[in-house]
There are 2 protein chains.
Amino acid sequence: MKRPQQPIGLFDSGFGGLTVMKEVALALPQENLVYFGDTAHLPYGNKSPETILQFALNNATFLMNQNIKLLVIACHSACSHALQTLQEKLPIPVIGITEAGLRLAEQREKIAILATTSTIQSGIYQKALSHKEHFAIDCPLFVPLIEEGYHDHPSTRLIAESYLNSIQGKVDSILLACTHYPLIKPTLEKIFGPTVSLIEPAKLCAEQVRLYLTHNHLLNTQTEFPSLKFYVSDDPEKFKRLGKIFFGKAIEKVEKK
Amino acid sequence: MKRPQQPIGLFDSGFGGLTVMKEVALALPQENLVYFGDTAHLPYGNKSPETILQFALNNATFLMNQNIKLLVIACHSACSHALQTLQEKLPIPVIGITEAGLRLAEQREKIAILATTSTIQSGIYQKALSHKEHFAIDCPLFVPLIEEGYHDHPSTRLIAESYLNSIQGKVDSILLACTHYPLIKPTLEKIFGPTVSLIEPAKLCAEQVRLYLTHNHLLNTQTEFPSLKFYVSDDPEKFKRLGKIFFGKAIEKVEKK
C-alpha cells in the first residue's frame, strides 16, 4: 500500500534530469523527492539500447530501495529504451519524460525533434509522428558542450548550425527532447529567430505526475518542509557544482550511492 | 611462467588506445595483441579517481583472463590513477602510456601538457615537471569532438583557442597526453604554426614494450600471422565503425565482453 509521504523518485544519466526535478518541485512543492544521477556511466546518449536498459534497471532498483511511490524517468535516452520494461516490471507507476515530449510534438505541425543519438536511433518519435511531416535530428555534441559551460559559446553556434541548417525555414516548432537542451535555448533562438517555438517537455511531465498523484489520492499534504535528496554513482562534489546550473538553485548535499 | 606466444593486452576507455595499439603492432609485428575498450563506461576523463581505478581493475581482470604476458594501459586518464596499483597487484609487467609521456616531457623546455580533466587533476605531470616551467591544461571537449568527427571543424578551432590562447608564444613543445589527441593535430598546427612541436607518446610506449620483451626473452618469434583481438563492453558495431579512424585500418571483428 503506497502512502502519500513516500518520496517521488527521479533518475537521469547525470545532470540533465535536474531540469525535470526543478519543474516537479515547482508543481508539487509539498512532495518529498529523491534524485539519482548515474554519473559513473554518463553519458547515456552514445551507448547501446541493451546497455542503457541495464543502467536504467539498476537505477530503478536503487530508487525502489528508497521506498518511492512513483518513478519519473527524467532522461529521454533512458526512456526511449527502458520505459516499457520498467512500466511492466515495477510495482509502482512509472512516468517517462518522453510521454510529455510525444504529447507536445503531436500538437504541432512542421516540427523538428532534437535529441541524443540513442533517442533518435530508438525511433520512438519518428514512429509516433509518422503521419505528419517531421524531422528527427541527433545532436550528440550538445550534452558535452552544455556540461562544459559552452552552451552560449560561438563554437556551439557553429556546431548547432552544422546539425540544423538543413531544417532552416522548414519548421515552426522544435522539441528539445533531451533534458540538457533547455540550457542551449539562447543559441537556438539566435539561429532560428522568434518565429520558431522551442518546446520543453519538463513542465508537462511534472503536470502528469501531479495529475496521477491527485487521481490516486497520493498527494502529500502533510509536509511543510519536504526533503529533497540527491544521490549519484560518482563524484558528489562535481554534482553539487554543476547541478545548480540545471536545478536553478544550490544543491546542499549529495551522497554517493 | 610466461611464454612468448601469450598476447600483449592493452586497454582504454574506448577508442583512443587504438592509436597506441597501432604503434605496438608496427613495432612488434609478430606479437599477438588483445585490446579491450571499456565503451560502456566511456569517457573516463570526466570521472573521479576512485571510479577510474575501479574501471581499470575490472579491465585488467578481463585481460588477465585472456592470458596476457604484459599489460599496456593505453589511456592517460586510467594510467594517472591506476598505474601504480596495477603494477603492485598484477603478476605480470604493466607499462603505462604516461611513462612515455613523462619521459618525453622531461626532455623539453617550455612545454605544455594537454590532457583530460582527470589526468590534469591527478597532478602526475605537474609533479614530475615541477623543477621547470610548464603548463598543464585540460581540454575536456577534445574527446567528444574527435569521437564525433569534428576534429578539423571550425568549431574545434574556436574551442582549442579558448583552451590554449593563454600559452601562445610561451611554449615550444606540446605533449598530447590523451590517446585521442593525435587526431586533433591539424587544428593545433593551424593555431601554433610550425615552430611548436606536437609530441605523441605512443611510439615511445611501443618501444618500451619492445625493450621489455627483448630483455626478458619474451619476444614472440614463432608467429607469422599474429592474432589481433578486440573486445568492448558496449556496441561492437560502433567500435568497428569508429575504431578504424584511430587504428588506421579496418577492424574486422569485435566481440562484446
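**Two-fold arrangement, sheet and core of the predicted model**

In the predicted model, a turn of 180° combined with a shift of 0.0 Å along the axis lays chain B on chain A with an RMSD of 0.0 Å. This is the relation of a two-fold axis. The same surface serves both copies, in that 100% of the contact residues of chain B recur in chain A. Of the residues of chain B, the one that comes closest to the rotation axis is B:Ser155, whose C-alpha atom lies at 2.2 Å.

In chain A, an open sheet is formed by four strands in the order 6-5-7-8, with parallel pairing. The edges are taken by strand 6 (134–138) and strand 8 (197–199) of chain A, each of which has a single partner strand, so that one side of each is left without a neighbour in the sheet. From one strand to the next, the twist averages 20°. Within this sheet, strand 5 (residues 111–115) and strand 7 (residues 173–176) of chain A run parallel and are joined by four bridges; in this pairing, A:Ile111 stands opposite A:Ser173 of strand 7 of chain A.

Helix 4 of chain A lies across strand 5, strand 7 and strand 8 of chain A, and runs at about 175° to strand 7 of chain A. The helix spans residues 97–106, and its buried residues are A:Ile97, A:Thr98, A:Ala100, A:Gly101, A:Leu104 and A:Ala105. Around the axis these residues cover an arc of only 155°, which puts them on the same side of helix 4 of chain A. Such an arrangement can be read against the geometry of the α-helix, which has 3.6 residues a turn, so that residues three or four places apart point the same way.

The loop between helix 4 and strand 5 of chain A holds A:Lys110, a residue that has a positive phi of about 45° although it is not a glycine. With a relative accessibility of 39%, A:Lys110 counts as partly exposed, since this value falls between the limits of 20% for buried and 50% for exposed residues. A positive phi, of about 55°, is also found at A:His217, which is likewise not a glycine. A:His217 lies in the loop between helix 10 (202–215) and strand 9 (228–232) of chain A, and its relative accessibility of 69% makes it count as exposed.

The largest nonpolar core has 164 residues, and those with the most contacts inside it are A:Leu71 and B:Leu71. When neighbours within four places in sequence are left aside, the residues in contact with B:Leu71 include B:Gly9, B:Leu10, B:Phe11, B:Ala60 and B:Leu63, and also among them are B:Leu86, B:Leu90, B:Ile92, B:Pro93, B:Val94 and B:Ile95. A second core, separate from this one, consists of twelve residues, including B:Ala105, B:Ile111, B:Ile113 and B:Leu175.

Cis peptide bonds are present in both chains. In chain A, such a bond joins A:Leu42 and A:Pro43, with omega about -10°, and A:Pro43 is placed in the loop between strand 2 (33–37) and helix 2 (49–64) of chain A. In chain B, the bond between B:Leu42 and B:Pro43 is cis, with omega about -10°, and the place of B:Pro43 is in the loop that runs between strand 2 (33–37) and helix 2 (49–64) of chain B.

Key:
Residues numbered from 1 in each chain as written. Chains lettered and ligands numbered in written order. Predicted model: local features only at pLDDT ≥ 70, side-chain atom pairs only at ≥ 80, totals over all residues. Heavy atoms only, no water. Buried < 20%, exposed > 50% of the residue type's maximum accessible area, 1.4 Å probe, protein only. Helix = DSSP H or I, 4+ residues; strand = E, 2+ residues; numbered from the N terminus. Arc of directions from axis to C-beta. Pairing = 2+ DSSP bridges. Axes fitted to C-alpha atoms, helices over the stretch in contact; angles between N-to-C directions. Contact = heavy atoms within 4.5 Å. Least-squares fit on C-alpha atoms with pLDDT ≥ 70 in both. Core = buried A, V, L, I, M, F, W, Y, C linked by side-chain atoms within 4.5 Å.
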